[in-house]
Amino acid sequence: MKIQKASLKDLNECSKLSHIKEFSALYKLSNSEAKKYLKPFIENGIFLVAKKKEIIIGFICAEFTLSNYVWVDAIVVEKNYRSKGVGRLLFSEMEKQAKKKGFGNIFLVVPKFNKPSVEFYKSMKMSKGNECVEFSKVIKQKLINNNS
């Protein structure tokens with residue numbers, strides 16, 4: 001497996017891979033909308049892919065903020081490769097690249113219900129809520145489908 005900088009030709013595979021429930025920002029988007037969403041990370045941020053035999057099995061994308069923070073927007077690993085070190089390699093390489101560019105902090109948000117991701121970020125030595133306070137406000141109620 002190798003970790004490398006993503007290219008524009010990787011967007012199609014990454015957009016397909018991003019359609020997982022845990023990644024709510026892209027879950028409902030079409031592939032073309034997902035590609036549009038991901039493209040700026042290649043051009044202006046950090047976008048890395050994990051490849052096994054030239055097939056993308058995971059990716060991480062992050063952007064630089066005006067402060068000293070790198071915002072991790074997404075880390076996605078194909079289901080069959082989870083808990084095998086792929087996410088750890090992607091995260092570690094993103095961290096190295098952020099340090100090289102002079103950034104000193106990494107910031108991300110993960111839903112409380114996503115226990116595996118919460119545990120993953122703890123294992124990556126992320127601190128839970130020490131630097132930032134999360135605020136949220138519901139401005140539109142979700143419609144509940146009683147047929148589920």
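Phenylalanine 59 is buried because its relative accessibility is 0%, where buried means under 20% relative accessible area, exposed over 50%, and partly exposed in between (1.4 Å probe, protein chains only). This residue lies in strand β3. Its C-alpha sits 5.5 Å from that of leucine 48, although phenylalanine 59 and leucine 48 are 11 residues apart in sequence.

A word on the source: this is a predicted model, in which local features need pLDDT of at least 70 and side-chain atom pairs count only at pLDDT 80 or more, while totals for chains, interfaces and linings use all residues. Residues are numbered from 1 along each chain as its sequence is written, and side-chain values use heavy atoms, with hydrogens and water left out.

Now to the sheet around β3. Five strands make up an open sheet with mixed pairing, in the order β1-β2-β3-β4-β5. Its edge strands, β1 (2-5) and β5 (105-107), each pair on one side only. On average, neighbouring strands of this sheet are turned by 30 degrees against each other, direction ignored; axes here are lines fitted to C-alpha atoms, for helices over the stretch in contact, and angles run from 0 to 180 degrees between N-to-C directions. Strands (E, at least two residues) and helices (H or I, at least four) are DSSP runs numbered from the N terminus, and two strands pair if DSSP finds at least two bridges between them.

Strands β3 (residues 55-64) and β4 (residues 69-77) run antiparallel and are joined by seven bridges. Alanine 62 stands opposite valine 72 in β4.

Over in strand β2 we meet lysine 51, which is buried at 6% relative accessibility. What does the side chain of lysine 51 join through a polar contact? Its partner is the side chain of aspartate 10, at 3.4 Å. A polar contact is a pair of N or O atoms within 3.5 Å; within protein, one must be able to donate a hydrogen and the other to accept it, and residues adjacent in sequence count only if both atoms are side-chain atoms. Leaving aside neighbours within four places in sequence, lysine 51 is in contact (heavy atoms within 4.5 Å) with Met1, Lys2, Gln4, Asp10 and Ile56.

Finally, here are two residues that have a positive phi although neither is a glycine.

| Residue | Phi | Location | Relative accessibility |
|---|---|---|---|
| Glutamate 54 | about 65 degrees | loop between β2 (45-52) and β3 | 48%, partly exposed |
| Lysine 125 | about 70 degrees | segment after α5 (115-123) | 73%, exposed |
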